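Visitor: Could you take me slowly through the place where the two chains meet, and then show me a few spots in the loops? I would like one connected account that I can follow with the model in front of me.

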Protein chains: 2
Amino acid sequence: MDHNIQSKFEVFLNMNRKIKSYYEAIGLLDWDLATGAPRKGVDTRSETIGMLATEAFKISISDEMKELITYLTNEDVFVQLQEQDQRLVEDLKLEMDRMQSVPPDKFQAFSVLAPKSQVQWESAKESGDFSAFEPYLSQIVEMKREFIDYYGVKDTRYDTLLDMFEPDLTVAKLDEVFSRLKARLVPLQEKIKNSVHKPDTSFLDQSFDIKKQEEFSRYLLGEMGYDFEAGRLDESVHPFATGLNPGDVRITTHYYEKDVASAVFSSLHEGGHALYEQNIDPKLAGTLLAEGTSMGIHESQSRLWENMIGRSLPFWERYYPVLQSYFPEQLKDVSAESFYRAINKVESSLIRIEADELTYNLHIIIRYEIEKMLFNENLPVSDLPAVWNEKYKQYLGVTPPHDGLGVLQDVHWSSGDFGYFASYSLGNMYAAQIVNTMRKEMPEFDRYLREGNLSPIKEWLTEKVYQYGKSRKPSELILAITGEELNPDYLADYLESKYKEIYSL
Amino acid sequence: MDHNIQSKFEVFLNMNRKIKSYYEAIGLLDWDLATGAPRKGVDTRSETIGMLATEAFKISISDEMKELITYLTNEDVFVQLQEQDQRLVEDLKLEMDRMQSVPPDKFQAFSVLAPKSQVQWESAKESGDFSAFEPYLSQIVEMKREFIDYYGVKDTRYDTLLDMFEPDLTVAKLDEVFSRLKARLVPLQEKIKNSVHKPDTSFLDQSFDIKKQEEFSRYLLGEMGYDFEAGRLDESVHPFATGLNPGDVRITTHYYEKDVASAVFSSLHEGGHALYEQNIDPKLAGTLLAEGTSMGIHESQSRLWENMIGRSLPFWERYYPVLQSYFPEQLKDVSAESFYRAINKVESSLIRIEADELTYNLHIIIRYEIEKMLFNENLPVSDLPAVWNEKYKQYLGVTPPHDGLGVLQDVHWSSGDFGYFASYSLGNMYAAQIVNTMRKEMPEFDRYLREGNLSPIKEWLTEKVYQYGKSRKPSELILAITGEELNPDYLADYLESKYKEIYSL
């Protein structure tokens, strides 16, 4: 690489590092707000976070950054960069172009509207009154529709939004994938509904000491290979994982005295996210490639540990006796098999975040179809509750008593995050597809679980997924690992075979 | 105020707010490092802190800041500012002038040297080998001597350094104050040494459950009026207080199973610092005046709560039964009076941070005299161990077995913090002088302690000290409160009367 390119690229890298440093500070300030910052400091804190975010943003759209990117994407220069560096430059260019495409006054107006809209959503959800939120949501949707024009319409208008969370994913592809998935999951769900072999979950409804729950979460995370010297576990209202830097990837969970399963599965879930970020190649540290490659792939790693591993029988053959030793009184008369059945109970319900592994995907498909109608068919916002309730009736057979348990249940739309929901089901599909390959390449998979020997699994995932961070696109990654593109059949196969046995279908 | 001034001052205030926001972020990143950040994230974290500190620094020496300060300190403009705003402008100007007076390459060289010197100090302290540290300390002292020329020599060269921690304090004043203090404390200490009425401290050397110690610390902080909705208590190796913003002033303590007194007094001490910052006038929030006015005054507030209140008999008449109820087994046969005597034991020792309320000041006076010799008499660094040991023999009657327990014990010099030590004794003197006035204005002082009615004391301190933050200089503050300037007799009176009774002198 010629010396001039080298030195310009160094400057570019330093700007990257600076943005990452701002993100680290913001990440810690946010983590602290969620885990125990004093109430009276919150307002000033929020201003501080805003200031830091603005500074990071200013760097990414600075004239200096523009010049550097223009220089580095010049064909003669670009070909001299290493592949990974090319990816970094492309990635920043994409983000910069996107941010610059929207006129600053529109962007500003949206930044002012979004938090207000969130506040309105919160109270509307509480009272179950969609009409109080509707004017705000209409404005949000209107502005998003405008933004699509600025960003540039892809195959369809909704494609533009999807692409922001899952690069290169299209409506055409998702339509096909989701319709295949729906075609298998809806009947499966109906069979389960009609089965008389319902798992008994009554034993879960006892008191479980919170201190012991915490110890068990720490134990499980240690078993997964979560590195406590490069992270920590705390409690927050909503569990999350946050990678501050490669040596500091924190997770939170939430303990419910009356529900031992909740913390177990949120720890496994967030632990999965964290394993991903703890094991990104150190070479990528300090660049914007040192993060998950997409929402969908990130979610695949959390769901793989939470569901494919954490809700499997071999896993609990090994770990259920340990759980029993933490709660001998509560669990002495419950077998591993009964526990396994209980944590895999399927039930059509109204609320996405409480849904089981099967019906969860139907909640997502409903949102996907509705979002597509909003942006590709100009569905009026006022029609949302009716459309919502109709689809819930059709796919899940349930009807919300009011909109607070229906169309108002999720925060995402209130701040304009359309195109995000699909990631959750993509995560499930990617996870099943990846595990299918892992089982072929590692026939001892179930035995490893039964033996509590989880490190080969973590190592396999490091080699195939974790190490690459954002340096490979999701579509490249899934193709390289499994030899084919996203295929929903693996998830459907997995769910069918699992529930067939549990529900004796 | 004319409109142009108004708008320029607004810009100036916004730059202030931005610097404060950086400080808040840095403060949290530091707090996190001390309270539980994972080991493997420390290196990247340190870089992030460095980046944010640099950004804050850049604002304070930016051309824009220079122009604003030049404009605002122009006499015609300055007189139109409110008093508090004038103070803010003066304060920033002082800091800017100081930073700009040193050529950037010198400043840079010092920033590189200081951390290396600290690392050397640490290992030299460990091995007790001054010669390993000497070349680094010589360079640090040499650079500080140069810096004094850049900053501008005040009455004497050492005055320049003193002034950085305690504005307007002079060598002439401190010489007088410390010689009066020494003249009374050295003989007092000797009398105590010869007294046969030594307090029995053996009962302190038992096991005290750490969880209970923590609960008791929380209880005491609540009693002091520390607002847990505007702060939190955590554990760290070295206790500290940090004001992130006025609604978030955190403290840490350290629990020793074998020493119940340590956490009690460090909680009271850090609680005192925190009360100061929690009760600064909200009008000052977001400006650089929203902090303690000097190291000395800050320390007076911690020592006032730790010693004048926390080591008094009336205080323990109220709170000792509570402490007993936390540790009934360990303390059932120990009276409040015995406890009071034990926590006030005086003993000449080698280590400053373990010293009692009386001899502590002699440790400080020794350091003050030595620093003065270094900068005003060009004492060679190689002579430090000999001078140190001689003064310890003379004032405290003890001789370190090696330099690790002598001249190498404190971190301050390794990073060039000369002029800082005096603050600790200033704190004691200010505290005694302030309490003397408080007792006159509030004759119920002892009764309030006996009743555990601490809020009038907190309110009095808020009115006289806390609310002003940095908007009044230490000398103005002490004069306004007590009607006279710093006077060491109050501390000597207080100590004499206290120990006369304890040691039956």
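Guide: Two residues are said to be in contact when heavy atoms of theirs lie within 4.5 Å of each other. With that in mind, and remembering that this is a predicted model, we can begin with the meeting of the chains, where 34 residues of chain B are in contact with 34 residues of chain A.

The size of an interface is often given as the accessible area lost when the parts come together. Between chain B and chain A the buried area is about 2700 Å², and carbon and sulfur atoms give 51% of that area.

Charged side chains take part in this meeting, for there are 12 salt bridges between chain B and chain A. In one of these, the side chain of Glu24(A) meets that of Arg45(B), with a distance from N to O of 2.9 Å. If we turn to polar contacts, 25 residue pairs are found between chain B and chain A, counting pairs in which both residues have pLDDT 80 or more.

Which elements of chain B give two or more residues to the side that touches chain A? They are helix 1 (3-35), helix 2 (42-60), strand 2 (241-245) and strand 3 (248-253) of chain B. Helix 1 of chain B gives the most, with 10 residues. When the residues on this side of chain B are sorted by character, 12 are nonpolar, nine are polar and 13 are charged.

We can now ask how the two copies are placed with respect to each other. A rotation of 180 degrees, with 0.0 Å of shift along its axis, superposes chain B on chain A with an RMSD of 0.0 Å, and the two copies are therefore related as by a two-fold rotation axis. In chain B, the C-alpha nearest that axis belongs to Ala25(B), at 3.2 Å from it. The copies also meet through the same surface, because 100% of the interface residues of chain B are interface residues in chain A as well.

From the interface we can move to the loops, beginning with the backbone. Most residues other than glycine have a negative phi. Asn378(A), however, is not a glycine and has a positive phi of about 50 degrees; its place is in the loop between helix 16 (359-376) and helix 17 (384-396) of chain A. Another residue other than glycine with a positive value is Asp168(B), whose phi is near 75 degrees, and which sits in the loop between helix 8 (157-165) and helix 9 (171-194) of chain B. Asp168(B) is partly exposed, with a relative accessible area of 44%.

Two further loop residues of chain A are worth finding in the model. Ala285(A) is in the loop between helix 11 (260-278) and helix 12 (295-309), and at 34% relative accessibility it counts as partly exposed. Leaving out residues up to four places away in sequence, Ala285(A) touches Pro246(A) and Ala290(A). Its C-alpha atom is separated by 9.7 Å from that of Gly469(A), although the two residues are 184 residues apart along the chain.

Is Ser415(A), in the loop between helix 17 and helix 18 (422-441) of chain A, buried or exposed? Ser415(A) counts as buried, because its relative accessibility is 17% and the cut-off for buried is under 20%. Apart from its neighbours within four places in sequence, Ser415(A) is in contact with Phe110(A), Ala114(A) and Gln118(A).

How values were computed
Residues numbered from 1 in each chain as written. Chains lettered and ligands numbered in written order. Predicted model: local features only at pLDDT ≥ 70, side-chain atom pairs only at ≥ 80, totals over all residues. Heavy atoms only, no water. Helix = DSSP H or I, 4+ residues; strand = E, 2+ residues; numbered from the N terminus. Buried < 20%, exposed > 50% of the residue type's maximum accessible area, 1.4 Å probe, protein only. Buried area = accessible area lost by both parts, 1.4 Å probe. Salt bridge = Lys/Arg side-chain N within 4 Å of Asp/Glu carboxyl O. Polar contact = N/O pair within 3.5 Å; in protein donor to acceptor, adjacent residues only side chain to side chain. Nonpolar A, V, L, I, M, F, W, Y, C, P; charged D, E, K, R; others polar. Least-squares fit on C-alpha atoms with pLDDT ≥ 70 in both.
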